[in-house]
Amino acid sequence: MHNQLAPLLKQYFGYDTFRPLQQEIIAATMAGKDVVAILPTGAGKSLTFQLPALAENGVTLVVSPLIALMKDQVDSLTASGIPATFLNSSLDPAEARDRSEALSNGEYKLLYAAPERVMTPGFIADLKRWNIKRIAVDEAHCISEWGHDFRPEYRQLAQLRKHLPGIPFLALTATATPKVREDIARQLQMEKPEKFLASFNRPNLSYSILPKSKPARQVFEFVHTRREESGIIYLQSRKATEAMAATLRAEGINAIAYHAGLDPATRAKNQEAFIRDEARIVCATVAFGMGINKPDVRYVIHADLPKNIEGYYQETGRAGRDGLPSECLLLFSRGDLIRNLRFLEGTDPEAAKIAEAQMKQMADFAETTTCRRTALLAYFGETWPDENCGGCDSCLNPLEEYDATLQVKKLLSCIIRAKQACGFSTGANHIAQVLAGANTAKVRDYGHDKITTYAIGSDTPREEWAALARQLIGLGYIDVSQDNFQTLNVSKKGSEALKSREKILLTRLPFTQGTNASAKLSRSGSIPCDEVLFQSLRTLRKTIADEKSVPPYVIFGDLPLRHMARRYPQTKADFLNIPGVGSQKLDDYGQAFMAEIKTHLASHEKQTFDQLATPPPPKMKSENGLNGTQLDTLEKFKSGQSIQQIAKTRDMVTSTIAGHLASAITLGLITPDPRQFFSAEDETRIDAALATAEDGFAKLGPIHATLNGEIPYETLKIYAAFKSLETPA
């Protein structure tokens, strides 16, 4: 298969090697198997159905959730010489008929369509005529009500099973918890699917979180030094997106708004402006972004708290799809959590309970002082192996410890005095105003300008007092009410601290680090190059893209441009060796870009650069040890199923299932009780047989024979796995 696919990979996509898991997923889907593939954004999910489509007869149907994105996806494929098309409501009837006829004539390899259109009776009848080879379900988490972007229309796709029997499904998503993964396979009625699960780590992304304080100013400080870079700013409300975009435009930064309240024409126009680099920044609600194909988004800012970690991961994942260094900044305020919780009032109680738990998980993540990457990956069940990730603010700018005894006692005393004065508890922001000496109507009405703790913290900004209160809530010094008012009371631990003479040591919150702290973050994926030439090539790219009326990245992404600006290719052979340059793009654009490079060299000296280090392959969630089918066994075992139950469920022999678990034990992915598998008597007998075996556990047959076949092979496999973990004396 590799001999068949490698030339196509180079010819159409410009790459000599596959990324991790791509080849395995392609092999499974070309073998006619149902597949669930969980790969992070930027890991090359699309290639896993695009390349098989080129290698086989027939059409691959790609179910994509957003009509607005299909044209860009098809434009990118067409620019690489790949026959692809889409059918949606944006086409006039004559154009739709022409494309339908071309599909009947076998002129296309890939067809993009939305689930609503796919499930119409007339379209299903057409699919039967178009020789559909496989069905790729993009953004497959939308099929699960446990996913963060549930779309009911995705549930109907399973009906294609009866209309197109025997056609394999390939479900793809960048983010899915184990519960969602199982739901995807169940809802699509997959038959013993192969499952592929890559690491959720995005090494080129850096993460930083700052306490929210005057967010418009914080956002401006971050973006004004990055005026030539594309970025997305996420906000919760439509009004906030409009206000942020207007604020940035007033500062001379070309920003646009995007939200569901805009009319379709304006929404499409604004999205097009961002994708084509006519607007560098889009201020958006979560309505923007799913399936966005723009690879050179260099930063994502969350100016408001996301509603769940999965959504945060998906949205930050829209940065750096090309593998180049990109930044993710979150501005956090506990008030955002309170506001989000209020939105749940009056909603379905069961759904609200789930949403509340997810919101609090997100707030806990934002407030952690440990490694951001470790916390993020832990949500998806993945362990980060290193103490320092080298790419988040917690690891690169550790928070200093300081003696906070006086500040803590001032704050706790103020909570007590304020309640005594007015007879009821108040919230963190109000206590912060009292400490800072604010002269507000509420402070005066409650009589809090007369208490002894009024203005005793006027030398500290009120934002820092509010942040300290949130920190003390997390540490148990303050109790917070469970209603939406989130009022404060001093806890038993706080009362003891007020009486104690012991020091209270806290970590200093990052108010003084500024929004450009991420400049110190990891530059994983960085490609040093001739920056002057790189900008010239970007300008040329934009000119050609405008002439062809396509987004600039359809011509070339930043990744191939940076390689051009360090290698200075001047022959067709050299140009073809640039990553991301295939035969079609060499023919279409090679001459123009090589001419630009030649012009640059006429007035600039050629620079030299150190050889790029080959990055290690991303670690699998199972530490590079298990494939998809082994992971499926491991998940079922962890859920409480026995070897026999798993074998029956998966229609496999028990020895195969035991082999899967033995691999997991050897890799340290599970540490079960040995007595789940063999008794002490069995262990003694196996040890005795092992002592007489020439090859040890290398060959189980002789050991099995010595034991007269009384201890099954699956037990021997599991025992060998436990034995491999023993440390030699």
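Two strands pair if DSSP finds at least two bridges between them. The model discussed here is predicted.

Q: What is the order of the strands in the open sheet of 7 strands?
A: The pairing in this sheet is parallel. Neighbouring strands are turned by 20° against each other on average, direction ignored. Read across the sheet, the order is β3-β4-β2-β5-β6-β1-β7.

Q: Which strands stand at the edges of the sheet?
A: An edge strand here has a single partner strand, so one side of it is left without a neighbour in the sheet. The strands in this position are β3 (84-86) and β7 (194-197).

Q: Which residue in β6 is the bridge partner of isoleucine 38?
A: Strand β1 covers residues 35-38 and strand β6 covers residues 169-173. The two pair in the parallel sense over 4 bridges. In β6, the partner of isoleucine 38 is threonine 173.

Q: At about what angle to β1 does helix α9 run?
A: Helix α9 spans residues 178-187. It lies across β1, β6 and β7. Its angle to β1 is about 150°.

Q: Which helix gives the most to the largest nonpolar core?
A: The largest nonpolar core has 142 residues. Those with the most contacts inside it include Leu51, Ile135 and Phe593. With 7 residues, the helix that gives the most to this core is α15 (residues 349-367).

Q: Which residues is isoleucine 135 in contact with, leaving aside its neighbours within four places in sequence?
A: Isoleucine 135 is among the residues with the most contacts inside the largest nonpolar core. Beyond those sequence neighbours, its contacts are Leu61, Val63, Leu160, Leu164, Ile167, Pro168, Phe169 and Leu170.

Notes. Residues are numbered from 1 along each chain as its sequence is written. This is a predicted model: local features need pLDDT of at least 70, side-chain atom pairs count only at pLDDT 80 or more; totals for chains, interfaces and linings use all residues. Side-chain values use heavy atoms; hydrogens and water are left out. A nonpolar core is a set of buried Ala, Val, Leu, Ile, Met, Phe, Trp, Tyr and Cys residues joined through side-chain atoms within 4.5 Å. Buried means under 20% relative accessible area, exposed over 50%, partly exposed in between (1.4 Å probe, protein chains only). Contact means heavy atoms within 4.5 Å. Axes are lines fitted to C-alpha atoms, for helices over the stretch in contact, and angles run from 0 to 180 degrees between N-to-C directions.
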